[in-house]
Amino acid sequence: MAFDIEMIKKVYAEMPAKVDAARKALGRPLTLSEKILFAHLHKDQALSNFERGKSYVDFAPDRVAMQDATAQMALLQFMQAGRPKVAVPSTVHCDHLITAKLEAKKDLEVANAESKEVYDFLASVSNKYGIGFWKPGAGIIHQVVLENYAFPGGMMIGTDSHTVNAGGLGMIAIGVGGADACDVMAGLPWELKWPKLIGVKLTGKLSGWTAPKDVILKVAGILTVKGGTGAIVEYFGEGASAMSCTGKGTICNMGAEIGATTSTFGYDESMSRYLSATGRAEVASMADGVKDYLNADPEVYADPEKYFDQIIEINLSELEPHLNGPFTPDLATPISKMKEMAAANGWPTKVEVGLIGSCTNSSYEDISRAVSLARQVKEKGLKTKAQYTITPGSEQVRYTIERDGFLDIFGEIGATVFANACGPCIGMWDRVGAEKAERNTIVHSFNRNFAKRADGNPNTLAFVASPELVTALAIAGDLTFNPITDTLTNEKGEQVKLDEPTGQELPQRGFAVEDAGYQAPAADGSGVQVAVDPTSKRLQLLDPFAAWEGTDLKGLKLLIKAKGKCTTDHISMAGPWLKFRGHLDNISNNMLIGALNFFNEKTDSVKNQLTGEYGPVPATQRAYKAANIGSVVVGDENYGEGSSREHAAMEPRHLGVRAILVKSFARIHETNLKKQGMLALTFADKNDYEKVQEDDTIDIEGLTSFAPGEPLTVVLHHADGSSDKISVNHTYNQQQIEWFKAGGALNIIRKQVAG
Ligand code: MIC
Ligand code: SF4
């Protein structure tokens, strides 16, 4: 049975008139992305020919999803909004806090004990406010959403950057910070800059060793980690319709890695099959009724250059399997070039561990294709050289693959099955020996491979590949093994070749599950009490941030000038720190500890300008805070790349940083900063980054006339008495300026409720 069927019915009932009106207003055919966006304009938002990359537009998303590591902050904020119930269907998924150590059952028991306080909090808040709750072990948010909630033509937001996964079912699904989720759950409009559009035309057909993952690995190589910023990527073409729905999900999922706002595909047979297989034939037949609205107009596909800002064409028949990494998901190497690349870069070629699964790649199809290789180990007399682990995306997938005998076959190659959770993808992998920090290579089918991301070891080189390639490389134990051309020596000393992977798109006998792990909220939650222990180390109620003092900011200290890649993992590390996601003061002790200090090339070592001593970033900032001195963080390109975690914005806010000044921002992080009342500024001239010196005292001028489109001025007072006056840009609109003035968006909602 499908959830929230009435809501879906309403979306489909209203879609044709809304899209027709938009087509008429624009006087031209529409892309799929535009149709879904126009069908979700907020009721108070006037229809207009919005300017891509410029116009701020108010939307009314159909639903909200949150995972446990971000839901805590989202819900702590929602509790302050003073509403009795969520305004749109919303869910919480417990997936990020489970450490992968031994195997699923035992690891889950440990997590349930360790994080009981947090799970109880999330369960009771969900119960109170009408939010669906998915217990630990139920699965990873994006897989559970795809299986239960995503629907073609819908629009959702989620407090996780990989919310975009639901594009595989033809949604516009966007990752946001908790404050954005809080707005939508409180019934307020959700604002987004009207996106640019990138069209990806897929010709030919996938076959043999190439998988949907290779499409996005290739796209990441072309567009790089910032090439999709501010854009929706729309896939189309014969290659798109020939691909499974879950394969489309994989492609959309990793669209987060190119910074794209989201990615999506037109409604087709594969989606209809997937909806039916997951108990939602009713949704499929409703979607059939509005099929034309769930695809771009034919003129768009016939002449895409006219309608998209950029077009990429990929011939799937010629696409090679890829391996992306290490340390960045856009360093794309086709498997045939890996021997050269590894030698040229000195990457260790021995593969220590192959890990499959995660929210990105744990469909029935993925697992069945991986198992077709695992099966050959015995058949061909081979021995698996590397360790091998599986993290299923949901209990439904896990139960079904167990029933179909796949887990037994993986067992024969010595595989460990971890809990249906993020585990090794988010630093929650208690890997034996990781503390020795040895340089080593792993391959996985996840999406991110930033330093320390999997096992906390900065010297682990992680390469991202399809589950089938990960499996082949784990069997071979060699990063440079090309299964298309190379042979392996079996236990008898014979040369054998792996057969191409084969699999099934969907289980022949259907999906099955005993306990999916869902808990429905109380019909009337008004009597439910939510208790937060004031002495808790893991949860802390939020105090409102102070409003802007009404003057320019003078005498700020430079906290750190970060050099190079500074992702949200560098700003607010996950792994061991995830346990403090509900406690702002405690988690602030990880602020920027992964960022590289430009001046000494060290992490977590910055100069305290009050004492002249070097110390950890959080402690230095706390010293400024104690002395009532604000500070500035300076950064490089695509600052805040990666996740949606708003902690990366709230921590500096809490500790008294006033502005983040960078060459460029990643979208979600920039919004998160604005929402929390911070100044998110960019160098008008990127070369001015060079002017910032270690002992700078900084003024920010122009705030009393802070206005959209008007640059501000930053004065850098250097230690030698000289100074530089530089112009800095911002993208604040009037509403966002109000957030800054109020000290954060939530202060405005709170006032509205009180008033
Ligand atoms: C991630 O993949 O980095 C995460 C962990 O899922 C994050 C969310 C978080 O930090 O809690 C994301 O992608 O948004
Ligand atoms: Fe979890 Fe990894 Fe997916 Fe993020 S990318 S939701 S950590 S599995």
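A polar contact here is a pair of N or O atoms within 3.5 Å; within protein, one must be able to donate a hydrogen and the other to accept it, and residues adjacent in sequence count only if both atoms are side-chain atoms. This is a predicted model, where local features need pLDDT of at least 70, side-chain atom pairs count only at pLDDT 80 or more, and totals for chains, interfaces and linings use all residues. Residues are numbered from 1 along each chain as its sequence is written, chains are lettered from A and ligands numbered from 1 in the order in which they are written, and side-chain values use heavy atoms, with hydrogens and water left out.

**Exercise 1.** Work out which side chains make polar contacts with ligand 1, and how the protein surrounds this ligand.

*Solution.*
- Start with Arg581: an N or O atom of its side chain is 2.7 Å from a ligand 1 oxygen.
- Arg453 also puts a polar side-chain atom 2.7 Å from an oxygen of ligand 1.
- For His96, the polar side-chain atom is 2.8 Å from a ligand 1 oxygen.
- Next, check the cover: ligand 1 alone exposes 330 Å², and the protein buries 97% of that (areas by the Shrake-Rupley method with a 1.4 Å probe; for residues, only the protein chains shown count as cover).
- Now list the neighbours: there are 14 residues around ligand 1, and Asp160, Ser161, Arg453, Ser644 and Arg645 come nearest (a residue is near if one of its heavy atoms lies within 4 Å).
- Finally, sort that shell by class: 2 nonpolar, 7 polar and 5 charged residues. Ala, Val, Leu, Ile, Met, Phe, Trp, Tyr, Cys and Pro count as nonpolar, Asp, Glu, Lys and Arg as charged, and the others, Gly among them, as polar.

**Exercise 2.** Describe the shell of ligand 2.

*Solution.*
- Pick out the neighbours: among them are His96, His142, Asp160, His162, Cys359, Cys422, Cys425 and Arg453.
- Then sort the shell: it splits into 4 nonpolar, 5 polar and 2 charged residues.

**Exercise 3.** Is helix 7 enclosed or open, and what comes just after it?

*Solution.*
- Go through residues 178-185: 8 of the 8 are buried, so helix 7 is largely enclosed by the rest of the structure. Buried means under 20% relative accessible area, exposed over 50%, and partly exposed in between (1.4 Å probe, protein chains only).
- The buried set includes Asp180, Cys182, Asp183 and Met185.
- Step past the end of the helix and you meet Gly187, with a positive phi of about 85°. Helices (H or I, at least four residues) and strands (E, at least two) are DSSP runs, numbered from the N terminus.

**Exercise 4.** Look at the backbone at Pro326, Asp604 and Asn628, and place each residue.

*Solution.*
- Pro326 is in the loop between strand 12 (322-324) and strand 13 (332-334). The peptide bond leading to it from Gly325 is cis, with omega near 0°.
- Asp604 isn't a glycine, yet it has a positive phi of about 55°. You'll find Asp604 in the loop between helix 20 (584-587) and strand 23 (606-607), partly exposed at 26% relative accessible area.
- Asn628, also not a glycine, has a positive phi of about 60°. Its loop runs between helix 21 (617-626) and strand 25 (631-635), and Asn628 counts as exposed at 73% relative accessibility.

**Exercise 5.** Is Tyr235 buried or exposed?

*Solution.*
- Place it: Tyr235 is in strand 9 (residues 231-236).
- Read the area: at 1% relative accessible area, Tyr235 is buried.
- Compare with Asn148: the two are 87 residues apart in sequence and 23 Å apart in space, C-alpha to C-alpha.

Conventions:
Near = heavy atom within 4 Å.
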